[in-house]
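Me: Please take a close look at a single part of this structure, beginning with one glutamate and continuing from there to its surroundings. A connected account would be preferred.

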Amino acid sequence: MDDPKTQIMNQIRQEAAVNNARSLITKLNGHCFEKCIPSPGTSLSKREEGCLSACMEKYMATWNTVSRVYIAQIQKTAEQAGQMGGEALDGLGV
């Protein structure tokens, strides 16, 4: 069984993931809706459906790419800080 510190860290990671997903959905809805639906009505046209689908796929692919690069950069920075014996973090007041 995990110690309390590990449990708290896992809970924080899960909450951060949920918040990131909410942010993605909110941004995706706003961006794609504005782009694809010029005048809202009671239903979507085939063109609007196709536009929304393509927009969401592109937005998600871009989000995933940016996330992977960002995570890789964080890991690289953490590894460099570890190799420097934490000296890199000293300048940050950590």
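Reply: Glu34 is found in helix H1. The model under discussion is a predicted one. Glu34 counts as exposed because its relative accessibility is 66%, and the cut-off for that class is over 50%. In sequence, 18 residues separate Glu34 from Leu52, and in space their C-alpha atoms are 9.9 Å apart.

A second glutamate, Glu48, lies in helix H2. Glu48 is buried, yet it has no salt bridge. The nearest side chain of opposite charge belongs to Arg47, at 5.4 Å; this fails the salt-bridge criterion because a side-chain nitrogen of Lys or Arg must lie within 4 Å of a carboxyl oxygen of Asp or Glu. When residues up to four places away in sequence are not counted, Glu48 touches Cys36, Ile37, Pro38, Ser39 and Ser43.

Helices H1 (4-36) and H2 (46-83) are also the elements that give two or more residues to the lining of the largest pocket. That pocket holds about 390 Å³ of space. H1 supplies the largest share of the lining, seven residues. Among the lining residues are Ile12, Arg13, Ala16, Ala17, Asn20, Ala21 and Leu24, together with Trp63, Ser67, Tyr70, Ile71 and Ile74. By class, the lining residues divide into nine nonpolar, two polar and one charged.

Terms used: Residues numbered from 1 in each chain as written. Predicted model: local features only at pLDDT ≥ 70, side-chain atom pairs only at ≥ 80, totals over all residues. Heavy atoms only, no water. 1 Å grid on protein atoms, 1.4 Å probe; cavity = no way out; pocket = protein on both sides within 12 Å on 5 of 7 lines; lining within 4 Å. Points joined across faces, edges and corners; volume = space filled by probe spheres on them. Helix = DSSP H or I, 4+ residues; strand = E, 2+ residues; numbered from the N terminus. Nonpolar A, V, L, I, M, F, W, Y, C, P; charged D, E, K, R; others polar. Buried < 20%, exposed > 50% of the residue type's maximum accessible area, 1.4 Å probe, protein only. Lys, Arg positive; Asp, Glu negative; His and termini not counted. Contact = heavy atoms within 4.5 Å.
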